[in-house]
Amino acid sequence: MLYGYAGTTLRINLSNENIKKEPLNEKWVEEYIGGRGFVSKILYDELAPKTDPFSEENLFVIAMGPLSGCFLPASGKTHFGTKSPATGGYGDSNMGGHFGVTMKYAGYDVLIINGKAKEPSYICIDDGKIEIRSAEKYWGKGSFAVEKAMKQDLGEEFQILTIGPAGEKLVKYACISHDFGRQAGRIGIGAVLGSKNIKAIAVKGTGSIPIFDAEGLLKKGKETYDAIRKKPGFKGWTPEGTAGITNWCNDVGAIPTRNFQKSSIEYADQINGKAILDRLKITDKGCFACPIPCGKYGFAKTKLGEAFVEGPEYETIAMIGSNCELKSIEEIAYANYVCDELGVDTCSAGVVISWALECYEKGILTKEDIGREISFGDLDSILYLLNEISARRGIGDLLAEGVRIASQRLGQGSEKFAIHCKGLEWTGYESRNAPGMMLGYITADIGAHHGRCWVLGNDVAGSAEAGSVHDLISGGRKTNRLPKAKVDGVIPVVLHSQHTRPAFDILGTCRLQYMEIGLEVDYYEELFYCITGRKIKWEDIINVSEKVWNLNRCFNFREIDGFGRSYDYPPARFYEDPIPDGPNEGHLLKLEEIDLLLNQFYQARGWDRNGMPQKAKLIDLGLGNVAEEFYS
Amino acid sequence: MRITLRLSGSIRLIYKELNEEIVLFVNEPVSIRALLQMAGINPTVVPAVYMDESKKDKDYMVTKEDSRITVLGPLAGG
């Protein structure tokens with residue numbers, strides 16, 4: 001008996017409509033635990049090398065962790081994986097909400113989809129009954145509209161994943177939506193579902209999960225909730241959610257502005273968490289079993305439209321807001337709604353659109369290219385581009401490819417300010433004076449994503465060591481400039497973050513209880529034992545994290561021609577153009593500093609100078625079979 | 001005057017050597033900013049502080065005996 005797991009992998013081949021249930025692979029459980037660990041293992045082992053991301057052969061994977069759905073705090077994370085159409089390499093994304101937990105209650109830890117449906121379809125999982133049904137009536141419609149319609153058609157008890165029109169049109173940063181405002185946003189996961197002619201997946205689950213020590217879990221789960229409630233930070237996190245960090249990011253010169261041309265704004269108070277509370281919010285909204293509901297559900301009204309919308313989160317405030325220079329929280333929230341309805345990732349869309357706006361300002365793109373005039377700060381321009389992208393119409397067809405390919409095709413020097421790494425667009429943190437954050441972005445397996453490593457606070461602490469802005473002012477010196485951040489010593493900090501964050505993705509819980517609230521890892525060890533009957537130390541989970549990092553790195557070496565060190569650099573803007581104003585005025589990381597960081601990072605990871613995991617490292621991590629493939 | 005700083009998980013991820021609660025003794029009213037510096041925390045790293053159930057500015061002067069101040073760290077999200 002596999003306690004803590006539903007016990008079944010569901011495989012669906014859309015081409016021949018073959019549906020197969022098989023026992024969950026115990027070797028996966030033993031070696032990779034769950035969630036992101038399963039995704040990594042399945043993609044490496046089962047995906048044929050060099051598979052085209054939009055071909056029938058590509059896999060679309062959903063995987064849950066053993067702690068998911070087991071009535072411990074924030075245990076509702078769902079993990080998705082595929083070969084990314086954005087990067088051509090390993091791709092995963094995750095979301096909160098209630099889908100994965102319900103899939104587990106229906107009896108499945110893992111869902112693996114391949115092939116392609118003959119016509120627009122959706123997958124309906126009603127406990128043990130699986131059907132591929134026509135989605136003709138939903139095709140072409142927005143994510144919210146489809147989720148609402150499917151709930152009406154199937155019943156409120158079904159949890160729904162949908163793609164929007166952008167996913168149908170294979171926009172390379174199309175997302176998956178769920179729960180009227182939760183997204184698995186990154187790496188183009190929604191486009192892969194679209195390429196398989198799948199508009200939605202609906203699931204109803206009424207079963208249960210076998211628990212090794214149910215009484216112990218009840219006791220420990222309650223203890224965990226109580227511990228969280230008593231922690232410093234418990235009350236501070238909920239009121240504004242992630243948007244509460246907006247002013248701080250601005251104060252430390254880290255808020256992307258005008259396609260990362262600048263890193264500070266004058267209108268932070270108009271677009272921050274307090275603005276959401278004062279002008280948008282109706283209610284808090286949380287994911288499964290979460291004691292700190294960070295979602296803010298509200299209503300936004302602008303001159304171009306109005307909508308009920310969850311968010312915006314900080315990343316959307318930064319990427320659709322300041323990076324495109326929208327200066328009101330209502331406009332950002334409405335653009336957020338449009339992104340969600342069309343089914344595009346707000347982070348990538350913000351980078352692509354701000355790049356197009358800069359190209360237009362520089363005369364690289366013209367009015368004829370675009371189809372009209374556009375400008376930073378203009379909601380109408382941004383909504384126009386979002387609609388063109390989602391329909392792959394006119395300039396939208398180029399922009400739908402993502403900023404790397406769009407800039408390569410357009411040329412004229414626009415590659416320098418195409419803000420991405422490995423083909424995945426950057427997210428909400430200016431990193432030219434944040435060496436740890438920069439290293440985290442450029443070495444992440446899926447490309448530039450904050451969810452893989454977030455150490456901006458450590459960078460600022462290092463930067464501030466010589467004296468913070470306020471200290472300098474209080475000391476009588478008139479300066480608003482932060483000193484240059486410390487480069488030395490960031491490697492262990494980055495590795496710690498890179499290994500800790502996936503640990504929660506592997507277990508199937510939200511990391512914020514640990515990262516923000518400060519819940520001790522001992523709770524996870526004890527809960528894991530109550531649920532699975534297996535004794536595990538936190539170090540063991542961290543070791544699985546490291547194994548996953550290395551396996552994904554090897555996946556990228558296998559799949560991407562010429563992959564290696566050259567893929568680990570930021571865009572030239574970040575090492576050629578110092579930040580022009582704000583607290584970090586004049587700062588950047590020079591190319592030789594980035595090289596130094598990479599050398600130290602590779603050495604610490606046991607990788608060679610090209611960033612390839614060395615044979616001994618792979619063997620140490622239990623990846624001897626992978627070592628054989630690369631070193632025989 | 002006895003004052004307790006309560007550090008969130010995110011601030012302790014940066015200052016790993018610090019305990020969850022730090023007790024400080026001062027002889028006169030003092031700003032939260034100064035208290036953070038006394039504890040070895042650079043105020044620039046701190047996005048928000050709470051006292052008596054409400055958000056306070058870092059220049060807020062603490063005057064009450066046995067005040068408890070919650071110090072939040074920065075975090076990513078969305």
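How much area do domain 1 of chain A and domain 3 of chain A bury between them, and what percentage of it lies on carbon and sulfur atoms? The two domains bury about 3,300 Å², and 59% of that is on carbon and sulfur atoms. The model is a predicted one. Chain A also meets chain B, with about 2,600 Å² buried between the two chains. A third topic is A:Lys296, a buried lysine at 4% relative accessibility.

**Domain layout of chain A**

- Chain A splits into three domains: domain 1 covers 8–204, domain 2 covers 240–425 and domain 3 covers 435–631.
- Between the C-alpha centres of domain 1 and domain 3 of chain A the distance is 28 Å.
- In the contact of these two domains, domain 1 of chain A contributes 40 residues and domain 3 of chain A contributes 37 residues.

**Domain 1 against domain 3 in chain A**

- Three residues stand out on the domain 1 side: A:Arg36, A:Tyr44 and A:Tyr90 supply 26% of the area that domain 1 of chain A buries against domain 3 of chain A. No other three residues supply more.
- Five salt bridges cross the interface of domain 1 and domain 3 of chain A.
- A:Lys83 and A:Glu559 pair through their side chains in a salt bridge, with N to O at 2.7 Å.
- Polar contacts across this interface of domain 1 and domain 3 of chain A involve 18 residue pairs, with both residues at pLDDT 80 or more.
- On the domain 1 side, the elements giving two or more residues are helices α1 (26–32) and α2 (35–46) and strands β4 (78–83) and β5 (90–95) of chain A.
- Of these, α2(A) gives the largest share, seven residues.
- By type, the domain 1 side that touches domain 3 of chain A holds 16 nonpolar, 15 polar and nine charged residues.

**Chain A against chain B**

- Chain A brings 37 residues to the contact, and chain B brings 29 residues.
- Carbon and sulfur atoms give 58% of the area buried between chain A and chain B.
- Three salt bridges are counted between chain A and chain B.
- A:Lys235 and B:Glu53 form a salt bridge, their closest N and O atoms lying 3.1 Å apart.
- Eight residue pairs are in polar contact across the interface of chain A and chain B, again with both at pLDDT 80 or more.
- The chain A side draws two or more residues from each of α8 (234–237), α11 (314–322), α19 (456–463), α20 (469–474), α21 (490–507) and α22 (512–515) of chain A.
- The most come from α19(A), which gives four residues.
- The residues of chain A that touch chain B divide into 17 nonpolar, 10 polar and 10 charged.

**A:Lys296**

- A:Lys296 sits in strand β14 of chain A, residues 295–302.
- Why does A:Lys296 count as buried? Its relative accessibility is 4%, and the cut-off for buried is under 20%, so A:Lys296 qualifies.
- The A:Lys296 side chain reaches the backbone oxygen of A:Thr238 at 2.6 Å.
- A polar atom of the same side chain, that of A:Lys296, lies 3.2 Å from the backbone oxygen of A:Pro293.
- Beyond its neighbours within four places in sequence, A:Lys296 is in contact with residues including A:Thr238, A:Pro239, A:Glu240 and A:Gly241.
- Among its other contacts are A:Ile276, A:Lys281, A:Thr283 and A:Asp284, along with A:Val309, A:Glu310 and A:Gly311.

How values were computed. Residues numbered from 1 in each chain as written. Chains lettered and ligands numbered in written order. Predicted model: local features only at pLDDT ≥ 70, side-chain atom pairs only at ≥ 80, totals over all residues. Heavy atoms only, no water. Domains from an automatic or database assignment. Contact = heavy atoms within 4.5 Å. Buried area = accessible area lost by both parts, 1.4 Å probe. Salt bridge = Lys/Arg side-chain N within 4 Å of Asp/Glu carboxyl O. Polar contact = N/O pair within 3.5 Å; in protein donor to acceptor, adjacent residues only side chain to side chain. Nonpolar A, V, L, I, M, F, W, Y, C, P; charged D, E, K, R; others polar. Buried < 20%, exposed > 50% of the residue type's maximum accessible area, 1.4 Å probe, protein only.
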